[in-house]
Amino acid sequence: MKKVRNLQKLIPLLPLLLLAILFIFLPIISMVQKSFLSPETGAFTFNNYKTIFTDSVYQVATSNSLYLSFASTIIGLILSFFIAWAVNELGKNGQSRMLSMLNMVSNFAGLPLYFSFVVILGNTGIFVLALRAIGIQLSTVFRLYSIQGLLLMFIYFQLPLGSLMLVPAFQAVDSSWKEAAEILEASPFQFWTRIGIPVMLPSLLDTFALLFANAITAYATVLLLVTTSIPLLPVKITTMFTGEMTPQKEMGSALAIWMIIIMLAVICICNLLKKLTYKGGEQV
Amino acid sequence: MAYIEFRNVHKSFGNNEVLKGINLSIDEGEFVTLLGPSGCGKSTLLRCFSGLETVTEGEIYLDGTNITDFTPKQRKIGMVFQQYSLFPNMTVRQNVAFGLQMQKKDKHFIAEKVKDVLHTVGLSDKLDQYPRQLSGGQQQRVALARAIIMEPKVLLLDEPLSAIDALLRRNLQVEIRKIQQNLKMTTIFVTHDQEEAMVMSDTIHLFNVGQIEQSGSPADIYTHPQTKFAANFIGHYNILSNPDLKKLCGLSSDCDFVAIRPEAVLISPEPLNDAVHFQGKITGVMLRGTTISYTIDCDGIELRADTLFETNRQRNMGEMLQLQILKEDILHLH
Amino acid sequence: MKRRKKLPYVIIILACIFLLIPFAATLVYSFTIGWTKLFPAGWTFKYWIQAFTEPTLWPAILRGVLISIPPILICNIVVILALYTSVVYYPKLEKYIQTICMIPNSLKGVTIAIPVLALYAGGVTFFSNRMVMLVCIYSISILPFVYQGIRNNLHGINVTRLLEAAEILGAGKLYAFIRIILPNMLAGILVSSLLALSTVFGDFAVIKIIAGNKYETIQMLLYNSRLIVLQYQCVIVIIMFTVTLVISQLVFKFQNRKR
């Protein structure tokens, strides 16, 4: 009797569970299953994954995606670190103004970001034209429609996100630790390397994982820029399901799972590092 | 010249002048307490001495050197903060060793020294624990160890015990004092707790809105407050205005106010010489450990009288009492 | 003394320049006739007038807002039910709920839309309807925001204490929930819902993959206008940005009022 009533109390948890099962777990599981099916015969096979590692199209897409994601995450994290530090050094008013600016810019991603970059750095972008007018050919060193162009855009959308995540992490670094270290004759550099950054490490790793996931799944920003010239995983995957050509569901599934595995691997490594480097012991 | 000297030290934050010309000397080996309510400038003076704040005007001397423009690093001082401020990513051992490592001392030397110091503060068994695993009292001992291992010229304690619960605080007070006396370390201690100041100090400097109100030994300050503020802040003095004093016992003072310690209000039938005599009715009884304090209404003037608690001589509410105060116990406040 | 206060300002200024240039350039460019030299050839309101007089703009904005309403409702209800139950009856379950709700922080956009599309598209079930798919995917996408908002709220008001107090005063659990807990959570729900709205409004990947041109939000409108002159696209970008800005200002306002 009591058991039954206890189970009844669990009913409110069902809708969330159902939603998650139907729209996260089932689709992913079915995708995993499909990725092991042969497109021709429908039999079980590893060939789809083999193709990812052997076919140069997929290799290039993978390495492009990895390069862009890692480079934009690392550069973005380092720059965000300094921005967040600087924001934290500001007075109260400056701080809240900067935070709302960062918040505002963090909405500026995807298609709008792409068009804005076309305006300033596209083939007829105003920077390009202005520089040309004074005799400098920007295209000799930088082109928007290249992997560096993509990298710049990625860094652009990583910065506000990274900074917004790291500002609270800096606030968690107690100012009295700085004072104590100063009195114990540590330089600011020694303080940050020996105390500040180690204390912030969990937040830094969390931010790294989030920025990476953000970069590797970026689709809207890159869609119009790369369709032909630079293959990237998200775009490749999407065209295999929705393109004008006949859908390649099995191969696409394998590629999607591949991308998800990369992303999960990075997240897991970050979490593992967080556990390994955690200092401070359990609370009593 | 004294070991430490503050000469006309001013400090302002914007338009807010927190220190209004402090002159203060401290002898070597002395335990000095800066006492006062929050916001009186006592912590600011300490931080100015440590170099964490710069002074707006004036000079600070330590051991004959003008250190006014020195960085904290150059001053060779130790400091313990209210919030412990232990580095959370380091063990007790690493925390304590930190300063010596910054000085690039020999590893072996550091290890030995850390053990010594932690023994002094009674934490030999916690070497490899992290701050989070320690109680507040233990954390503060580690902070103390981290400061004294540097053998600083001066030890600064910025309300180190305020975040620690009452019982433990008593123990730590005694212990800190003992360690200080053993090491003969010049110490400046900041607190808002007058009892703590009494227990620990050689000299107390009482602060009020950016100025020193009164300086002296604990006994001196306790028995002879010179101003209304001092009397109010130290102990639970009865403070009477001159007209009230006249009404109570017919005496008159040159000053506007007088202060009478609660223990000086005597509830005794035998009249003493050189005392004033009057009557009062008990309106409140409160037991405070070994003493008992009575609130007494003397014709509209409320007095507090403290006596030793004696089980067989309880007095009741509403009882009329014969009271007397020795004339010398009536302190005139400037 | 040695308080060097300059560096933070230098960093802030550089960051502001880098982050604001694309936005400023887009705004300026939307008013130009053409820009082939150092300075624009001339100024015009033409593209703004064009955007606002075409019949497509307002419906597109409206569609973006409309499509976010069912997910916000669904997500809030689902999360409130789950979290409330766990906080009141099964505190141990909370960490599993958190895990589930945080999944879309990493699995987002393409990685959630493609698997759903692959599983349900072309079938005959209820979920094969593109609009249903869209609503459900958005409900998943906004889970982290909604979860965090509601969780902070539930913990902020100390639900267990409030419920105990209400029960001692003779109120039933359900009554107490509706009369006491829910009203106290309203401000928080509003904030997280607005955040969710701006996510849905800013989404392109999901709508492109799931609905294609069948449901033209302003994001799709911008995509479809990719071959028209750049100035027109700039106008749309600025309009989109303004809408998101309004939403985030509302969030800011409500967050401050809560304190």
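Student: Which two residues touch the most other members of the largest nonpolar core?
Tutor: This is a predicted model, where local features need pLDDT of at least 70, side-chain atom pairs count only at pLDDT 80 or more, and totals for chains, interfaces and linings use all residues; side-chain values use heavy atoms, with hydrogens and water left out. Residues are numbered from 1 along each chain as its sequence is written, while chains are lettered from A and ligands numbered from 1 in the order in which they are written. A nonpolar core is a set of buried Ala, Val, Leu, Ile, Met, Phe, Trp, Tyr and Cys residues joined through side-chain atoms within 4.5 Å, and buried means under 20% relative accessible area, exposed over 50% and partly exposed in between (1.4 Å probe, protein chains only). In the largest core, with its 262 residues, the two that touch the most other members are F49(B) and I218(C).

Student: Which helix gives the largest share of this core?
Tutor: Helices (H or I, at least four residues) and strands (E, at least two) are DSSP runs, numbered from the N terminus. The largest share is 14 residues, and it comes from residues 57–88 of chain C, helix α3.

Student: How many residues make up the second, separate core?
Tutor: Look in chain B, where L248(B), V258(B), V276(B) and Y294(B) are among its members. The size of this second core is 22 residues.

Student: What is the strand order of the open sheet in chain B?
Tutor: Two strands pair if DSSP finds at least two bridges between them. Here β15 (301–308) and β16 (320–326) of chain B each pair on one side only, making them the edge strands. Strand β14(B), residues 291–298, pairs with β15(B) over 8 bridges in the antiparallel sense. With antiparallel pairing, the order of the 4 strands is β15-β14-β13-β16.

Student: At about what angle does helix α10 of chain B run to β15(B)?
Tutor: Axes are lines fitted to C-alpha atoms, for helices over the stretch in contact, and angles run from 0 to 180 degrees between N-to-C directions. Helix α10(B), residues 242–249, lies across β13, β14 and β15 of chain B. Its angle to β15(B) is about 70°.

Student: Which residue is the bridge partner of F257(B) in β17(B)?
Tutor: Start with β12(B) (residues 257–260), which is joined to β11(B) by 4 bridges and runs antiparallel to it; there, F257(B) is the partner of S241(B). Strand β12(B) is also joined, by 3 bridges, to β17(B) (residues 331–333), again antiparallel. The partner of F257(B) in β17(B) is L333(B).

Student: Why is helix α5 of chain B described as largely enclosed by the rest of the structure, and how many of its residues are buried?
Tutor: Helix α5(B) covers residues 136–148, and its buried residues pack against α9 of chain A as well as β6, α3, α4, β7 and α6 of chain B. The helix is largely enclosed because its count of buried residues is 12 of the 13.

Student: Is T73(A) buried or exposed, and what is its relative accessible area?
Tutor: T73(A) sits in helix α4 of chain A. Contact means heavy atoms within 4.5 Å, and beyond residues up to four places away in sequence T73(A) touches Q158(A), F208(A), L211(A), F212(A) and A215(A). T73(A) is buried, with a relative accessible area of 0%.

Student: About how much area is buried between chain C and chain A?
Tutor: Buried area is the accessible area (1.4 Å probe) that two parts lose on being put together, summed over both. Here 72 residues of chain C contact 72 residues of chain A. Carbon and sulfur atoms give 83% of the buried area, which is about 6700 Å².

Conventions:
Expected span 1.5 Å × (residues − 1).
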